[in-house]
Amino acid sequence: MIWRIAFRNLIKNGRRSVMTALAIGVGGLAALLFGGFVTSIWFGVQTSMIQQQGHLQVYRDGFLEYGAANPEDYTIINWPQVAERLLDDPMIRENVDVITPRIDLAGVAGNAVTGNSKTFIGQGVYPSEIDRMRQWDGWKIGQPAPATGLDDTDTGSVIVGLGMARMLGVCNALGVENCQDRPEPPAQAIETPEGTDIAALVSGDRELASLSSSATRQSPLNLMAASTEGAPNIVRVGIDSAQAQAIRAIDNAFVLMHFDQAQSLLYGDSPEATALMLQVASPERVDAVRTRVAQILDGTDGDLSVYHFTEVDPTFNRIFGMFSFIFVVISLVLSIVIIFTIVNTVSMTVVERVKEIGTIRAIGFRKSFIKKLFFAESALTGVFGAFVALVLAVGVSSFVNSAGLQWTPPSNATPLTVQLMVLKNPVFAASVVVVLIALAVLATVLPTFRAARMNIVESLHRS
């Protein structure tokens, strides 16, 4: 009965009830939309990083702590046997989509045509397996990454960062957008000795340039790195294209090459790798696969360990933590606004209904009935406000998602499409609804107790 009376009271004070429900709805709308954006970060950024480096990575013990200073002491010896041993396990074979090696290396890169040289940070991978990893979409958000652009059959091609291409002076040769080679300094006049045949020299230079350009369509690049014995080793490759990287320092030095090329540069014929990357088909099975991989490695390769990608690269945790903190701050501000709005509304309602409260008490109802009545009205107002917030959030998020807006997170070089995933996380949406109703009830505690303590005679007299 009390819910029916509370509903009729809300209809009787329709204008005030609608305004209070709208205040709750707008606050809930902001919380749901920003929460949907944070949810999209959780799925989108994580998907992007998994496409680049897999869910799990196997390293030799100590590599993450000391490998950067002395990588040749922390390589995985005979990685094909380790990968084969893992894939022999039925559970891993059933759940892992890709298991592929990677070599991290560094050295000096030089372009013989432009005469520019630069230190480089490189990765050696199997292009087809990395391209498979970049198609992973375990959460069905429709966000595939572009292919590497390399071919398994062409071990002599590399991809460089956009900044690296600019410093090597190959932007114009590669035809890269938003990339300009360094302007040539103005030529200085040179005194020509008497008797020099200028026409013959120019003719000779043109012949050399013609021979150089006809040798290959790619810009040549010499890569020099120290082998495991400490001796310098050099390979000549061709730059296939330039792709922007997320971090400027890496973009200015990045070289992506075929795994066999990197292996021959550092280890010769020795089957060594820096890491093994494992991409799991279903994100729900990652922990189980990790446990199984750790058991196998402990039993056979005691000096190898498996890590989650967030342990190797903490970027995702930092990005998600930052946006989660912003969400908490915004939610607190919205909660305060909602509470003050409801407190003000209920207080005005109590003042206007003094006669009604006195009459109810005079005909025999207890104080508890007054409390229950106001709490029921506030709960119903919270339900209506939460419903408004949910409907508005679904409508606005559908409009924004269809607009195709893009943004580039700190961990990405390519932009992601903005997806406000309001209903992708039903637990979060349900939590917002419950919190809105709870805030509506909580905000009426003081006005309700004040109304219940009113003296009957005084209430009737004041009315």
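**Exercise 1. Find Lys140 in this predicted model and decide whether Lys140 is buried or exposed.**

Step 1: Start with the place. Lys140 belongs to the loop between helix 6 and strand 5 (157-161).

Step 2: Look at the backbone. The phi of Lys140 is positive, about 55°, although Lys140 is not a glycine.

Step 3: Now turn to the surface. Lys140 has 69% relative accessibility, and exposed means over 50%, so Lys140 counts as exposed.

**Exercise 2. Which loop holds Asn78, and what is the sign of its phi?**

Step 1: Asn78 sits in the loop between strand 2 (76-77) and helix 4.

Step 2: The phi of Asn78 is near 55°, a positive value in a residue other than glycine.

Step 3: For the surface, take the relative accessible area of Asn78, which is 26%. Buried would need a value under 20% and exposed one over 50%, so Asn78 is partly exposed.

**Exercise 3. Classify the ring pair of Trp79 and Tyr126 as stacked, tilted or edge-to-face.**

Step 1: A search of the whole structure gives 17 aromatic pairs. In the pair chosen here, the ring centres of Trp79 and Tyr126 are 6.4 Å apart, and the cut-off for a pair is 6.5 Å.

Step 2: Compare the planes. Stacked needs an angle under 30 degrees and edge-to-face one over 60; the planes of Trp79 and Tyr126 stand at 55°, so the pair is tilted.

Step 3: Place both partners. Trp79 is in helix 4 (residues 79-87), while Tyr126 is in the loop between strand 4 (116-125) and helix 6 (127-133). With these positions 47 residues apart, the pair links distant parts of the chain.

Step 4: Check the burial of each ring's residue. Trp79 is buried at 13% relative accessibility, and Tyr126 is buried with a relative accessible area of 19%.

**Exercise 4. Describe how helix 2 and helix 17 pack.**

Step 1: Helix 2 covers residues 14-53 and helix 17 covers residues 426-442. Their axes are 10 Å apart and make an angle of about 155°.

Step 2: Angles over 145 degrees count as roughly antiparallel, so helix 2 is roughly antiparallel to helix 17.

Step 3: Add the handedness: the crossing of helix 2 and helix 17 is right-handed.

Step 4: List the residues that meet. Helix 2 brings Ile24, Gly28, Ala31, Leu32, Gly35 and Gly36, and helix 17 brings Phe428, Ala429, Val432, Leu436 and Ala440.

Step 5: Follow Phe428 further. Ring pairs join Phe428 with Phe34, Phe37, Phe323 and Phe327 in a cluster.

**Exercise 5. What sits over the ring of Phe43, and what does Ser48 touch?**

Step 1: Over the ring of Phe43 is the charged end of Lys424, 5.6 Å from the ring centre.

Step 2: Ser48 is in helix 2. Its relative accessibility of 11% is under the 20% limit, so Ser48 counts as buried.

Step 3: Leaving aside neighbours within four places in sequence, Ser48 is in contact with Gln143 and Asn412.

**Exercise 6. How far apart in space are the C-alpha atoms of Ser398 and Gln419, and those of Glu352 and Leu10?**

Step 1: Ser398 lies in helix 16 (residues 367-403) and is partly exposed at 43% relative accessibility. Along the sequence Ser398 and Gln419 are 21 residues apart, and their C-alpha atoms are 8.8 Å apart.

Step 2: Glu352 lies in helix 14 (residues 315-352) and is partly exposed, at 48% relative accessible area. Glu352 and Leu10 are 342 residues apart along the chain, with 13 Å between their C-alpha atoms.

Conventions: Residues are numbered from 1 along each chain as its sequence is written. This is a predicted model: local features need pLDDT of at least 70, side-chain atom pairs count only at pLDDT 80 or more; totals for chains, interfaces and linings use all residues. Side-chain values use heavy atoms; hydrogens and water are left out. Rings of Phe, Tyr and Trp (its six-membered ring) pair if their centres lie within 6.5 Å; planes under 30 degrees apart count as stacked, over 60 as edge-to-face and the rest as tilted. Helices (H or I, at least four residues) and strands (E, at least two) are DSSP runs, numbered from the N terminus. Buried means under 20% relative accessible area, exposed over 50%, partly exposed in between (1.4 Å probe, protein chains only). A charge sits over a ring if NZ of Lys or CZ of Arg is within 6 Å of the ring centre and within 35 degrees of the ring normal. Axes are lines fitted to C-alpha atoms, for helices over the stretch in contact, and angles run from 0 to 180 degrees between N-to-C directions. Angles under 35 degrees count as roughly parallel, over 145 as roughly antiparallel, 65 to 115 as roughly perpendicular and the rest as oblique. A crossing is left-handed if the near helix is turned anticlockwise from the far one by less than a right angle, and right-handed if clockwise. Contact means heavy atoms within 4.5 Å.
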